Every structure is written in structure tokens, then in C-alpha cells.
Amino acid sequence: MSDADIIIVGSGMGGATLAAGLKGSGLRVLVLERGQLLRDCPEARDPVAIFRDGHFRPDETWLAPDGTRFNPGNYANVGGNSKFYGAVMLRYREADFARHWPIDHATLAPFYTRAEALYQVRGDATLDPTEPPHDAPYPYPPVPHEAEVADLSQRLKRVGLTPSPLPLAVDLDRWLARAATPWDAHPDTTGGKLDAESAALVAAMEDPNITLRTGVTVRKIEADGSGVTGLLTSAGRLTAPRIVIAAGAVHTAALLLKSATETHPNGLANRSDQVGRNFMNHNASAVLALSHRRNRAVYQKTLQINDWYAEGLGNVQLLGRVSTPILSAQTGLPRPLAALIANRAIDFYAMSEDLPNPDSRVTLKGEDIVLNWKRSNWDAHLALVAKLKKTLKTAGFPIVLSKAFDRRTPSHQCGTARLGDDPVTSVCDPIGKAHDLDNLYVCDASLLPTSAAVNPSLTIAALALRQADHLKETAP
């Protein structure tokens with residue numbers, strides 16, 4: 001007898017949401033996670049422990065193309081990277097689906113709505129002119145602006161912009177009850193953020209047919225000419241009629257590649273030679289706008305600007321409040337100088353699309369993952385940062401500083417097992433089933449054929465709920 005009807009490898013945004021979508025189906029679902037549940041601890045709200053000491057970062061290194069090792073900043077725990085995410089739940093814009101996507105926004109719209117309900121998103125879709133059509137309002141009103149952000153919003157309006165509330169999966173009262181800190185890049189250990197574990201897995205586990213096993217690493221996918229036959233794991237061999245890989249854009253690609261067989265010499269689902277290719281990581285910069293006014297905001301991350309989105313430049317949103325210890329830890333600045341900047345800065349995150357490039361890819365060197373990220377569209381990102389700086393100065397911030405994020409920061413990694421209609425140019429079909437294997441699926445950011453210029457979490461969740469419906473409808 002098989003271990004489950006469906007095994008899901010990974011409990012991040014894709015895997016956990018898929019499990020939630022399978023709730024009540026009667027199918028036996030086993031979710032495997034290599035990490036453990038995050039427990040509450042003093043370090044969970046300690047910025048020095050998080051940002052300087054890397055208390056929660058796994059002891060994992062990847063290789064750059066020149067052989068240099070680096071810690072990638074991805075997390076191995078139940079809920080995956082979503083335990084540390086900024087809780088931003090933005091839809092891809094309608095135009096984002098026009099290139100490379102086999103579906104449009106209208107196809108995904110009902111699943112977006114279901115995902116917004118599952119993650120209890122706070123927002124107001126009527127205030128952003130770039131927002132695509134919704135068939136239902138967000139479940140809750142926006143997270144309230146703090147005084148400093150409300151003042152910023154008025155300043156931006158006076159210089160001709162259209163700031164709007166960020167759609168957020170945050171229970172603000174519950175988050176602040178633990179400690180008065182930002183949530184962006186902080187671990188969720190008490191459920192204040194609605195993440196893959198606290199929203200999706202908690203819902204999924206209400207079904208006695210859905211089981212989570214932690215501390216289980218999948219080492220290889222077994223397959224023959226007819227399909228996947230099992231998983232070789234640190235806990236032994238596990239089998240199910242259908243297998244879903246949801247280990248994240250890099251680890252999913254690496255697992256498919258390392259599972260090569262005589263029948264599949266280039267790796268599983270890789271007849272197209274597209275597995276691991278088209279890796280994308282948003283072009284992103286931190287932008288700090290300084291003035292004489294003291295910034296007393298606690299969480300800050302409630303506002304976005306999409307006025308330049310249609311120009312192809314990207315999205316601007318507030319970062320979680322960058323305090324003195326965070327700024328000092330991230331930049332190496334002496335604390336007095338870091339305090340001078342942090343106390344008077346409002347902190348922005350400027351994000352531009354990274355375009356698909358088959359030479360930007362994940363490969364293997366022995367057991368090591370090699371990440372050869374080739375930035376694209378960088379001129380557009382520089383233009384976005386320049387426009388933002390100029391606008392902020394006009395709005396009353398005489399000093400504006402910026403710093404780009406590098407490969408050590410996983411700024412929404414995606415694209416390595418892209419979905420599409422054509423098996424020559426894609427790895428999976430529009431549902432996420434591998435073109436080459438009828439019982440192998442992918443359900444994470446690997447599927448995204450473009451990165452757009454918004455946070456991908458909601459799109460991953462919507463794709464997962466769509467895949468869940470398919471798995472239910474096609475169950476033996």
C-alpha cells in the first residue's frame with residue numbers, strides 16, 4: 001500500500017496552500033518538510049539576532065559560477081520563506097499575463113479571490129488604478145497607516161502620485177501583542193502573520209487525512225518510463241500515485257536535476273532542457289528618504305506606489321521599519337551613524353521585473369547547487385530608483401539613499417520549472433503537471449514564467465488552489 005494518495009514535498013506557499021485546497025477531498029495527503037516548526041523564542045523579535053547574527057538562517061551554502069560559496073538566505077522550516085515574508089498579497093496585473101503565460105488574469109481571478117480569503121488579506125482594491133478586477137472585496141479593510149505613513153501619503157498625493165494601501169496578510173493586533181516590531185523579515189512564531197503555516201497548513205490539518213512530517217529531506221525522485229514510482233528520503237522510501245514538488249524555485253529544480261535516470265538522463269521533466277533555466281530574482285533596492293522629521297513608526301509597511309508600473313519600471317512599497325540595529329547589522333555602519341539615519345528615514349522597497357533568460361539558471365556540481373543568476377532589465381530598475389528619489393526630494397525629503405540587494409537576498413526567486421502549453425519551451429502544463437510524467441506535479445514559484453514586478457506569494461497560492469481542484473477532479 002502506498003504511503004498516501006498525494007505526497008507534497010515542501011510546506012511553503014505552494015505546498016501548504018495546495019494541502020489546504022485538498023482539505024475535505026477524502027484524499028490521503030502527506031506533506032514532507034525538511035525543516036521544523038518555528039517555535040517562539042527571544043530571538044524571534046530581536047533585530048540583532050535576526051539581521052546581524054542570522055539566528056534563523058539555515059547552515060546552507062550554494063555556489064556562484066566562479067566557485068565562491070555563499071549563504072542564500074532561504075529558510076528551511078514549516079511554512080518556508082513565508083514565515084519571514086512581508087505578508088504582501090498582490091495580484092499580478094492583467095498586462096503581466098500577456099507575455100509567456102498560457103492563462104490570463106480572468107482564468108486565475110476566482111483562485112486569487114479564494115487565496116485572499118484563505119490568507120485573510122487586508123486591503124482596498126478600489127484605491128489603486130493598476131489593480132485588476134476583483135469579483136469580491138478583500139476580506140478585511142486595510143491595515144491602518146501610522147501617522148508618519150499617513151503624512152507620507154498626503155505628500156505623495158501633492159506631487160501627483162497615487163499611493164494606495166498594500167494588501168497584507170497580517171493580523172495587526174495579534175502581531176503587536178507579541179512585541180512592537182515590524183513583521184517584514186521577522187519570523188512569525190505566534191500567528192500574527194497569515195503565512196503558509198499559520199493560515200494554510202493550520203486549515204489543512206483540520207482534515208485527519210492530511211499529515212505533516214517534519215525533518216524529512218527528499219534526496220531523489222524515483223521514476224521509470226511510465227512515471228514517478230517513489231521518493232528516496234532521509235526517512236526511507238515513500239510512495240504515492242501522485243507526487244507534487246513544492247520545494248522552492250531553486251531546490252525544486254535541483255531535485256529534478258539530481259533525479260536523472262537512464263530513461264531521463266538530463267533529469268526528470270527535463271526533455272525540454274528547461275529545468276533550472278529562466279531563474280528570476282526581482283531587481284530590488286532599499287531606498288531611504290531622510291528629513292528633519294523623526295520617524296516613530298513601528299511597522300511602517302502599509303503603502304505602495306504603482307504610478308510607474310505601466311511604464312515597465314515596477315512597484316514601490318514601504319519596507320518594514322528599518323531600525324538602528326537593523327541598519328547597522330545590514331550595512332556595517334557604526335551605531336551612532338546608523339541611528340542618525342534610521343531615526344529620520346522612511347524606508348522604501350523599489351522592485352522591478354527580472355526577465356526570463358534561459359542562461360540564468362540553477363545547475364548542480366556534485367551535490368552542490370550552483371546559482372548562475374544573470375540580472376536583466378537593470379536599466380529599468382535604475383530608472384525606477386531615480387524617479388523615486390527625484391519624487392521623494394520634491395515631496396520634502398532632501399536626502400535619499402539607495403542600496404541594491406544582491407544574490408544573498410532571495411528577492412522572490414522563481415521560474416525554474418515554468419508552466420506553458422508547449423513542452424518544447426516549458427517544463428509543466430498550465431496546471432503544473434510535468435509534460436513528461438503524468439503523475440508528477442510542481443507547485444511553487446518554479447512555475448512562474450515571468451516575475452512581473454509584484455510580490456509572487458498570492459499568485460503562487462492561486463496557482464496552488466487551481467492545481468488542488470484539478471487533483472480532486474482527476475482523483476482515481
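**Stop 1: the parallel sheet**

Start by selecting β6, β2, β1, β10 and β18: these five strands form an open sheet in that order, with parallel pairing. Strands, here and below, are DSSP runs of E with at least two residues, helices are runs of H or I with at least four, and both are numbered from the N terminus. Two strands pair if DSSP finds at least two bridges between them. Strands of a sheet pair through backbone hydrogen bonds, either parallel or antiparallel. At the edges you will find β6 (210-214) and β18, each pairing on one side only. Neighbouring strands of this sheet are turned by 20° against each other on average, direction ignored.

Before moving on, note that this is a predicted model, in which local features need pLDDT of at least 70, side-chain atom pairs count only at pLDDT 80 or more, and totals for chains, interfaces and linings use all residues. Residues are numbered from 1 along each chain as its sequence is written, and side-chain values use heavy atoms, leaving out hydrogens and water.

**Stop 2: strand β2 and its partner**

Now colour β2 (residues 29-33). Why is this strand largely enclosed by the rest of the structure? Because five of its five residues are buried. Buried means under 20% relative accessible area, exposed over 50% and partly exposed in between, using a 1.4 Å probe and protein chains only. Show the side chains: V29, V31 and E33 point one way, while L30 and L32 point the other way. Next to them, β1 pairs with β2 in the parallel sense over four bridges, and I6 stands opposite V29.

**Stop 3: β18 and L440**

Move to β10 (residues 242-245), which three bridges join to β18 in a parallel arrangement. Look for V244, which stands opposite Y441 in β18. Then add helix α11 (residues 457-473), which packs on the sheet and touches β1 (6-9), β10 and β18. The direction of α11 makes about 160° with that of β18; such angles run from 0 to 180 degrees between N-to-C directions, with axes fitted as lines to C-alpha atoms, for helices over the stretch in contact.

Within β18 (residues 440-442), select L440. This residue counts as buried because its relative accessibility is 0%. Beyond its neighbours within four places in sequence, L440 is in contact (heavy atoms within 4.5 Å) with residues including V228, I243, I245 and L256. Try a distance label too: the C-alpha atoms of L440 and T229 are separated by 9.8 Å, although the two residues are 211 apart along the chain.

**Stop 4: the nonpolar cores**

Which residues have the most contacts inside the largest nonpolar core? They are I7, I8, L18, L22, Y119, W183 and L440, in a core of 109 residues. A nonpolar core is a set of buried Ala, Val, Leu, Ile, Met, Phe, Trp, Tyr and Cys residues joined through side-chain atoms within 4.5 Å. Helix α11 gives the largest share of this core, nine residues. Apart from this core lies another, of 23 residues, among them L152, L156, A380 and L388.

**Stop 5: K83**

Select K83, in the loop between β4 (69-70) and α3 (105-118). Is K83 buried or exposed? K83 is buried, with a relative accessible area of 3%. Its side chain reaches the backbone oxygen of D188 at 2.9 Å, and a polar contact of 3.1 Å joins the side chains of K83 and D195. A polar contact is a pair of N or O atoms within 3.5 Å; within protein, one must be able to donate a hydrogen and the other to accept it, and residues adjacent in sequence count only if both atoms are side-chain atoms.

**Stop 6: two cysteines**

Show C428 and C443. Their sulfurs are 10.0 Å apart, too far for a bond. C428 is buried at 0% relative accessible area, and C443 is buried at 2%. With a disulfide defined as a pair of cysteine sulfur atoms within 2.5 Å, the count comes to zero.

**Stop 7: the antiparallel sheet**

Finish with β5, β12, β13, β14, β11 and β17, six strands that form an open antiparallel sheet in that order. Its edge strands are β5 (164-165) and β17 (399-404). Eight bridges join β11 to β14 (residues 345-352), and N283 stands opposite S352. Lastly, add helix α4 (residues 147-158), which lies across β12 (303-305), β13 (315-318) and β14 and runs at about 20° to β12.
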